[in-house]
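Thank you all for coming; I would like to take a few minutes to walk through one model with you, starting from its interior and ending with some individual residues. Please have a look at it first.

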Amino acid sequence: MQTAQKPDIVLKRAIAASIVGNTLEWYDFFLYATAAALVFGDVFFPVGTDPLMNTLASFAGYAVGFAARPLGGLIFGHVGDRVGRKASLFWTLAIMGISTFLIGLLPSYARIGIAAPAALVVLRILQGIAAGGEWGGGVLLITENASRKRAGFFGALSQTGVGLGFVLSSFAFYLARQLSPEDFMNWGWRLPFLVSIAIFAVGIYIRLRVNETSDFAHAETVQGVDHAPLATVLREHPKELLVGIGARLAETCGSHLFVTFALAFGKVVGVPVDILVLGVTLGMLVDSLMMPVFGWLSDLFGRRRVYAGGAVAMALFAYPFFLLLSSGSTPLVLLAFVLGNGLCHAAMIGVQPAMFSELFPARVRYSGLAMAHEVSSLVVGLSPVIATALYAHYRDPVPVAGFLVGVCAISLLALAILPMRPRADRDCSA
């Protein structure tokens, strides 16, 4: 009886560790995104009188974190495939927690000049490295312990941590903004970063108590460790890697435009900042709740169909999103965030864990998963910069919406040629 229950206990622990750890990790990472839109342009990148130019410089620093994510995927994918998923996830959380805390202590540009944005960029790079290794490990912690028939549903639970992390970071900034505008800009914005050190301690405790995944343990015993997993991915699975990169573009580009750029756009068109933050928080909360629903639907109807539906919906909603945002109506602004993130985005990100896990065999799965995920992050990490530049030039959201539609088209093309490798339960060679 105990033997029969053991897999369920392992899976429950893996789910708890993945959700809690991902929530804490992405709370830290998304703090920068919110601060980049609302604070950092004035505090660290004062480049002129046009707030769009300050924001553009701030988003450039934001994009640096995405440039570092493939490096994190390479490093921690290698560690995860050679040493184990657990060891990799310990270090990703440690690096993220310490970097975020130090951002909260940085002096402003007015106090130490160019050293301030330089130090901020270095810490953002460390955040990017940690985030680059986190996603794949958090996903595999669940999918490699789950049955094939329910991998979509259980895998999507790992993604709820991403959404909940954003909800917490947005809520933390919402609370900080209840201070006077002067106090918020002088020191209040630092509080969400500084409290992350306590969150980090909780996350480390949880991560240390989780077991290694069943698939990795089986692959290590039966097949042995691959000493150059990334080289194996590039040599034996280049199509899967390229298609995975393309398939993810719509999801992550849409997310950054519907969240990060939307904050800056909303400020320009006169939406109160508190309403914007509330909208993002509500949208990401619905996003988190809907991810398991779409993961479950992918178990019933197939990964490709559900994911493609999300990409089509995001392309169709690209321009209406900005119309709703600039309407001046608070209910319509909130509706924009709920539909954009809670439906269009959730339909893709909820399916990703199972779909991407099924692309690669267990011996190189962490490296393949991480690189497919993070190379696409490198590409679309520039999306808020591109969107801001387009809007600054044209002063019209149509080119921004057109940019997102083009990205969605690339993802749909990738899905059309997506090779699926169903993972037989505990069969690591699948």
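What follows is a short tour of the cores, the enclosed and open spaces, one helix and a few single positions.

A word on the basis before I start: this is a predicted model, in which local features need pLDDT of at least 70 and side-chain atom pairs count only at pLDDT 80 or more, whereas totals for chains, interfaces and linings use all residues. Residues are numbered from 1 along each chain as its sequence is written, and side-chain values use heavy atoms, with hydrogens and water left out.

Let me begin with the nonpolar cores, by which I mean sets of buried Ala, Val, Leu, Ile, Met, Phe, Trp, Tyr and Cys residues joined through side-chain atoms within 4.5 Å; buried is under 20% relative accessible area, exposed is over 50%, and partly exposed is in between, with a 1.4 Å probe and protein chains only. The largest core has 108 residues, and the members that touch the most others are Phe40, Phe44, Trp189 and Phe321. Helix 13, residues 238-268, gives this core its largest share, 14 residues; helices here are DSSP runs of H or I, at least four residues long, numbered from the N terminus. Separate from it is a second core of six residues, among them Leu11, Ile15, Ala146 and Phe154.

Turning to enclosed space, a cavity is a set of points on a 1 Å grid over the protein atoms alone where a 1.4 Å probe fits but cannot get out, a pocket is an open set with protein on both sides within 12 Å along at least five of seven lines, and lining residues have an atom within 4 Å of a point. Grid points are joined across faces, edges and corners, and a volume is the space filled by probe spheres set on the points. There are three cavities of 30 Å³ or more, and the largest has a volume of about 150 Å³. Of the 17 residues that line the largest cavity, Trp26, Phe30, Val162, Arg248 and Glu251 lie nearest its centre. Helix 13 contributes the most to this lining, with five residues, and the lining as a whole divides into eight nonpolar, six polar and three charged residues, where Ala, Val, Leu, Ile, Met, Phe, Trp, Tyr, Cys and Pro count as nonpolar, Asp, Glu, Lys and Arg as charged, and the others, Gly among them, as polar.

The second largest pocket also deserves a mention, with a volume of about 150 Å³. It is lined by 11 residues, and those closest to its centre are Arg148, Ser298, Gly302, Arg303 and Glu358. By class, this lining has seven charged, two polar and two nonpolar residues.

Now, is helix 7 enclosed or exposed? Of its 26 residues, 20 are buried, so helix 7 is largely enclosed by the rest of the structure.

Finally, some single positions. Arginine 395 sits in the loop between helix 19 (383-394) and helix 20 (398-416), and its phi is near 55°, a positive value in a residue other than glycine. Most residues other than glycine have a negative phi. With a relative accessible area of 46%, arginine 395 is partly exposed. Valine 380, in helix 18 (residues 365-380), counts as buried because its relative accessibility is 4%.

Definitions and conventions. Helices (H or I, at least four residues) and strands (E, at least two) are DSSP runs, numbered from the N terminus.
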